[in-house]
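Colleague: Please take me closely through the surroundings of the ligand in this model. After that, carry on into the sheets and the backbone details that go with them.

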Amino acid sequence: MPTLNWIGKDKIINHHQEVPYKVLNHEYGFSENRKTNDAIESGNLIINGDNLEALKSLLPQYEGKVNCIYIDPPYNTGNESWVYNDNVNSPQIKKWLGKTVGKESEDLTRHDKWLCMMYPRLKLLHKLLAKDGVIFISIDDNEQANLKLMCDEIFGGGNFVANFIWNHRKSSQNDTDVSLSHNYTFCYSKNRNFFRIKPLAILEKKFTNSDNDPRGAWVADPMDAPNIRVNLEYEIINPNTNEVFLPPKGRHWRFTKEKYEEALKNNRIIFGKTGKTKPQYKRFQFEAEAKGINPFTIWNEIGTATDATKELMMIFDGEKLFQTPKPSSLIERIIEISTNKNSIILDSFAGSGTTAHAVLNLNKQDGGNRQFILIEMENYAETITAERVKRVINGYADKEPTGGSFDYYTLGEPLFDENNNLNENVGIEKIREYVWFTETRIPFEIQEKTAPFLGSHNNTSYYFIYEKEVLTTLDYDSLAQYVQQKSERYIIYADNCLLPESFMREKNIEFKKIPRDITRF
Ligand SMILES: C[S@@+](CC[C@H](N)C(=O)[O-])C[C@H]1O[C@@H](n2cnc3c(N)ncnc32)[C@H](O)[C@@H]1O
């Protein structure tokens with residue numbers, strides 16, 4: 001398979017493994033007009049921070065759990081004057097490249113830089129995707145060819161689903177020789193065997209019920225179809241007029257004779273009362289809706305870039321705060337064809353927060369419980385991204401409130417210091433939470449457990465015997481003092497262990513040394 005190379009690739013290829021795990025600091029919760037200090041825990045998150053670190057922070061809780069990722073990364077147009085930098089040249093990214101790629105980073109072209117930026121982020125996104133999950137990535141001609149090859153490498157060429165083309169402009173552009181009117185959205189599944197694009201609901205308005213058919217509204221479809229198929233050529237007789245019909249030249253009837261006769265018996269064939277009206281077939285609305293229609297790869301009908309700008313300006317009382325939003329209708333389409341009502345949807349280049357808007361709209365429409373996770377690096381994460389989500393929840397202009405809630409986080413300190421020891425500044429509860437996640441991958445109920453007990457899961461009880469600046473020991477005394485929970489199996493963390501191996505085997509106790517045996521992501 002052809003592979004893509006660029007300057008800096010060798011430095012970046014395993015970089016996602018070296019990214020420090022940082023804790024997330026809860027700043028506030030928001031639920032319908034109310035800001036709270038406590039976490040709401042609806043599963044909806046907005047995180048302000050570089051997505052490389054934020055994605056790492058999500059791994060313990062979300063690895064293999066995210067159903068749908070939509071990202072709209074900077075297209076690398078070279079434009080540096082938008083609210084975000086579209087030249088891979090923002091101060092944060094410049095500093096990160098310098099540190100990660102080293103001196104060589106000074107020689108990188110903007111394409112090398114973009115690829116260096118994207119590669120480790122896509123690696124983490126790949127880890128977060130569920131077994132039947134899917135990622136959509138919007139892009140234009142600046143990087144689409146590079147992105148395709150990079151995605152083939154990270155997600156596997158066999159997991160490519162489609163390249164959807166969004167027609168984002170309807171009017172002609174006169175300042176260039178070509179009116180650019182589309183961009184791309186690559187779609188890759190985590191595993192093509194477990195993922196299928198869902199059909200779209202039929203939105204035809206032409207179903208009517210002129211004969212009061214008890215089966216409901218219907219539309220008359222032609223009985224004939226293109227090409228010659230001799231076994232599907234037979235005489236159809238109009239029972240009202242005795243006229244005889246054969247398929248028109250070069251065409252055939254769409255059913256076998258047996259199926260036609262059954263349809264006739266079931267009042268599904270429509271004949272004209274007089275004249276030469278060809279027979280037609282009744283297609284019922286309920287059947288069409290159940291079947292849906294497979295989405296085309298070209299999307300002409302779901303709003304333009306101008307619509308997106310107008311939508312955002314309407315939310316912000318006529319102010320234009322962000323240059324390149326997507327319309328919520330575009331992201332609704334993506335979510336509709338790839339998720340169900342309980343899916344987790346992640347956007348790690350959140351911008352103005354359109355993905356959360358689309359999730360909230362769809363939940364309101366169908367009573368779903370989809371969750372969104374947004375990550376935005378710039379400091380407008382609060383003033384634009386989160387503010388838009390608040391306004392959508394509460395209703396804006398003539399739009400009804402969608403309802404909903406979210407928790408807002410910033411990135412905190414790394415859990416491990418530069419010597420690979422636990423960083424006590426993050427607080428013991430964050431450390432306990434992390435260890436619990438690494439062991440069980442299920443949420444940690446902080447209030448209910450008294451240290452050093454972490455909790456029980458699958459007949460195993462977990463303990464984390466840890467004290468600031470004190471060496472802890474697992475021995476008969478600490479066992480008697482702390483381990484009261486009866487369990488089939490015990491996993492106990494401490495700095496040292498003095499219990500004999502035979503005793504541990506007999507009681508099904510596993511010792512894990514702090515910090516050596518704490519899983520790193
Ligand atoms: C093209 S915009 C996304 C627009 C968004 N789809 C919308 O509808 O508003 C890209 C966004 O990604 C953000 N971004 C770029 N690099 C990032 C990073 N490393 N971490 C988090 N956000 C980043 C930019 O600040 C910008 O807001």
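Modeller: What follows starts at the ligand and then moves to the two sheets and a few backbone features.

The model is predicted. The ligand has 22 residues around it, and those that come nearest are Asp-72, Ser-352, Thr-354, Glu-376 and Tyr-380. By type, the shell around the ligand divides into 9 nonpolar, 7 polar and 6 charged residues. Three side chains can be given with distances to ligand oxygen. For Thr-354, a side-chain N or O atom is 2.5 Å from an oxygen atom of the ligand. For Ser-352, a polar side-chain atom lies 2.6 Å from an oxygen atom of the ligand. For Tyr-380, the separation between a side-chain N or O atom and an oxygen atom of the ligand is 2.6 Å. On its own the ligand has 600 Å² of accessible area, and the protein covers 98% of this.

Two of the residues named above lead on to the secondary structure. Glu-376, one of those that come nearest to the ligand, is the last residue of β17 (371-376). Tyr-380, also in that group, begins helix α12 (residues 380-394).

Strand β17 belongs to an open sheet of 11 strands with mixed pairing, in the order β2-β1-β18-β3-β17-β16-β4-β5-β7-β6-β15. At the edges of this sheet are β2 (34-36) and β15 (298-299), each of which pairs on one side only. The partner of β2 is β1 (residues 22-31); the two run antiparallel and are joined by 3 bridges. Within this pair, Ser-31 stands opposite Arg-34 of β2. Helix α12 packs on the sheet, where it touches β1, β2, β3 (45-48), β17 and β18 (405-414). The direction of α12 makes about 160° with that of β18.

The loop between β2 and β3 holds Glu-41. Phi of Glu-41 is near 60°, which is positive although the residue is not glycine. As background, most residues other than glycine have a negative phi, and most peptide bonds are trans.

A further open sheet has 4 strands, ordered β19-β20-β22-β24, again with mixed pairing. Its edges are β19 and β24; each has a single partner strand, so one side of each is left without a neighbour in the sheet. From one strand to the next the twist averages 15°. Strand β22 (residues 489-494) pairs with β24 in the parallel sense over 5 bridges. In that pairing, Tyr-490 has Ile-509 of β24 as its bridge partner. Helix α13 packs on this sheet and touches β19, β20 (460-464), β22 and β24. The angle between the directions of α13 and β19 is about 20°.

Two cis peptide bonds remain to be placed. One joins Ala-451 and Pro-452, with omega about 5°. Pro-452 sits in the loop between α13 (428-440) and β19 (453-457). Another cis peptide bond joins Ile-514 and Pro-515, with omega about -5°. Pro-515 lies in the segment after β24 (509-513).

Terms used. Residues numbered from 1 in each chain as written. Predicted model: local features only at pLDDT ≥ 70, side-chain atom pairs only at ≥ 80, totals over all residues. Heavy atoms only, no water. Near = heavy atom within 4 Å. Polar contact = N/O pair within 3.5 Å; in protein donor to acceptor, adjacent residues only side chain to side chain. Areas by Shrake-Rupley, 256 points an atom, 1.4 Å probe, with all protein chains shown as cover. Nonpolar A, V, L, I, M, F, W, Y, C, P; charged D, E, K, R; others polar. Pairing = 2+ DSSP bridges. Contact = heavy atoms within 4.5 Å. Axes fitted to C-alpha atoms, helices over the stretch in contact; angles between N-to-C directions.
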